[in-house]
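Reader: I should like to understand how the terms used for a protein model are justified. Please take me through them.

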Amino acid sequence: MKVWIKLYKHSIIGRALSDQTASQWGLAVWLLLFLGAWFLMPLIGDPSEFLAEPLQSPNLHHWFGTNGQGQDVWRQTVAGTAASLGLALATGLTMTSLGAVIGLVAGYSGGWIDRVLSSITNIALVIPGLPLAIVLAAFLPSGPWTLFLVLVITGWAWTARVFRGLALATRRKDFIASAEIMGESRLRIALLEILPNLSSSFASAAIGAVIYAIGAQVGLEFLGLGDMNRVSWGTNLYWASNDAALLTGSWWIFIPTGLCIALACSSLTLVSYAVDAVNNPSLRADQLLRRRLREPMRRAIGVTPLAKELRHAPA
Amino acid sequence: MGKIFGRLGFYGVAIFLALCLNFIIPRLMPGDPMSMIFARFQGQMSPDAIVALRQEMGFTDAPILVQFYHYMTSILHGNFGVSTSLYPAQVGSVIWQSLGWTLLLAGASLLISFTLGTILGALAAWNRGGVIDRWVTPALIFVGSFPYFWLAMLLVYTFSYVFEIFPIGHAYSDGLKPSWTLGFALDVLHHLCLPAVSIILATLGGWILSMRNAMITTLGSEFINLAQSKGLTQRVVLFRYAARNALLPNITGLGMALGYVLAGSMLTEIVFSYPGQGFLLVQAVRNQDYPLMQGLFFCITIAVLLANWLVDLAYLWLDPRTRGAQT
């Protein structure tokens with residue numbers, strides 16, 4: 001346990017969150033949802049079992065009621081959370097890694113490699129991602145792997161553009177020049193010298209990508225493009241809409257899943273505020289100054305906080 | 001002028017690539033979806049007609065370049081194929097008929113959401129730590145993390161099922177015939193309220209936040225200090241100096257966000273059975289109507305590119321600095 005805490009405190013996220021209470025809460029809520037769902041999964045039993053009369057409102061036997069097919073909504077919510085968050089995490093991280101590598105290679109190599117890669121990136125940015133994902137997912141066999149693949153294909157471009165800019169800015173630094181003189185290969189420099197310096201940007205991009213992956217995945221499944229026999233957030237809402245939950249007034253079928261989605265996304269947004277403050281020191285200085293002044297700033301007064309003031313700012 | 005046309009070239013390439021994707025995707029996929037597309041026509045069309053259609057859309061055994069040539073020529077003639085689920089309607093005409101409803105819904109809600117979000121964001125940055133900054137913005141961002149269509153479901157449940165204030169779906173009442181009368185317009189407006197509100201609620205927080213952050217950067221600039229030292233009224237400093245400059249990055253965001261908003265509003269349309277593109281999309285997915293899906297993808301791509309181009313033009317007009325560089 002101690003090792004884990006130490007590891008967390010030294011990680012990007014841990015350092016970013018060290019003095020941000022709201023963001024710490026965000027991370028805690030997200031981890032609770034994610035780990036809690038995986039922990040409960042084996043305990044609750046088969047979520048797609050037909051075990052009771054359909055459309056029961058919440059009662060003692062079925063805490064969240066039953067859906068239009070007589071399945072237990074509580075089981076479905078837990079299983080859906082585990083499946084959807086797991087997939088979103090994998091998708092978001094892969095998407096960001098792909099984008100980061102493409103952006104770094106483009107920004108660091110320059111020349112024709114940069115021209116080719118950045119035109120591809122720019123075009124991928126203007127072609128609308130979700131509609132393309134719909135077409136791709138419709139042609140591929142339905143299932144979690146299709147969602148993963150389709151979202152990675154349509155979602156990498158934004159990270160690539162950001163990382164190309166960052167690589168352009170970093171490549172003029174002295175330590176890159178020294179690595180070049182030592183004769184390191186370009187790929188090695190891009191991945192082992194530049195990338196570690198951009199880890200907080202990576203964390204911020206990854207959080208954004210996971211949020212995007214949650215929304216897009218739920219949207220695709222709601223349309224009917226996922227595997228409809230797999231329990232997930234999107235399929236829960238798909239069946240809620242298909243079984244006319246609205247026309248029968250069965251609010252308990254779609255409320256829990258929606259609340260989980262919003263909790264997951266907004267808690268991640270809170271974490272991203274802290275990570276963004278690392279990337280953008282002016283945001284951080286501003287927060288510290290506000291605390292220092294003890295009262296919210298009326299009007300933005302154009303004062304740059306002094307190092308002295310920041311040092312004495314209450315943590 | 002050079003800038004306008006340079007960007008047009010880029011959009012031309014993007015449109016061409018979108019068409020290429022539409023051409024390649026069915027040909028790369030496992031399980032020969034082409035045959036699946038045409039298998040759906042069996043019994044609806046004579047075998048000769050199917051062969052003719054295959055020829056026209058370039059699905060033949062000819063070399064890939066010849067197929068591509070056939071495909072491109074039929075697209076250039078405005079022929080996007082025949083919808084399999086709404087046979088014998090042409091994809092182009094089906095999309096065209098429902099385009100108006102989507103433009104009405106997505107356009108109206110995007111406009112309201114953007115305007116309102118920009119104003120609220122400017123005020124949030126101006127009164128840092130005020131009510132808008134501390135309560136309204138976080139609340140709207142939380143609301144914005146729900147999927148669009150889920151908010152739509154909640155609104156339908158609350159206002160149509162429990163309180164019965166708004167209609168449960170469709171764009172106008174069943175008995176009415178579309179016409180240019182006041183009564184019909186009011187009916188359409190009544191049906192538009194809930195779907196529009198769900199899209200506005202879902203997007204408002206994002207606009208506020210990006211405007212607020214742009215405003216904070218702008219408020220730190222020297223020209224704001226200058227305006228303040230000149231003793232201008234606060235209203236003038238806020239709207240004519242700060243907000244006008246902070247608006248620029250937000251306008252770029254508008255072009256970028258459009259694709260996502262359009263796709264989201266299509267999902268909202270499904271909840272309300274609104275007769276726009278979303279209705280077509282769900283029809284296409286349920287019936288595996290590939291030509292219709294591809295047509296919709298292409299249509300949205302065109303809409304997004306057009307909007308981005310308009311944003312570029314607006315930028316040239318709004319920001320004299322971008323004009324200075326061209327001569």
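Author: The contact takes 54 residues from chain B and 53 residues from chain A. This is a predicted model, in which local features need pLDDT of at least 70 and side-chain atom pairs pLDDT 80 or more, while totals for chains, interfaces and linings use all residues. Residues are numbered from 1 along each chain as written, chains are lettered from A in the order written, and side-chain values use heavy atoms, without hydrogens and water.

Reader: What makes residues of chain B and chain A count as in contact?

Author: Contact means heavy atoms within 4.5 Å, and 54 residues of chain B take part.

Reader: What area do chain B and chain A bury between them?

Author: Buried area is the accessible area (1.4 Å probe) that two parts lose on being put together, summed over both. The value for chain B and chain A is therefore a sum over both chains: about 4,800 Å², 78% of it on carbon and sulfur atoms.

Reader: How many salt bridges are there between chain B and chain A?

Author: A salt bridge needs a side-chain nitrogen of Lys or Arg within 4 Å of a carboxyl oxygen of Asp or Glu. The count between the two chains is 0, so no pair there meets this definition.

Reader: What share of chain B is called buried, and why?

Author: Buried means under 20% relative accessible area (1.4 Å probe, protein chains only). Of the 327 residues in chain B, 48% are called buried because they fall under that cut-off.

Note on methods:
Buried means under 20% relative accessible area, exposed over 50%, partly exposed in between (1.4 Å probe, protein chains only).
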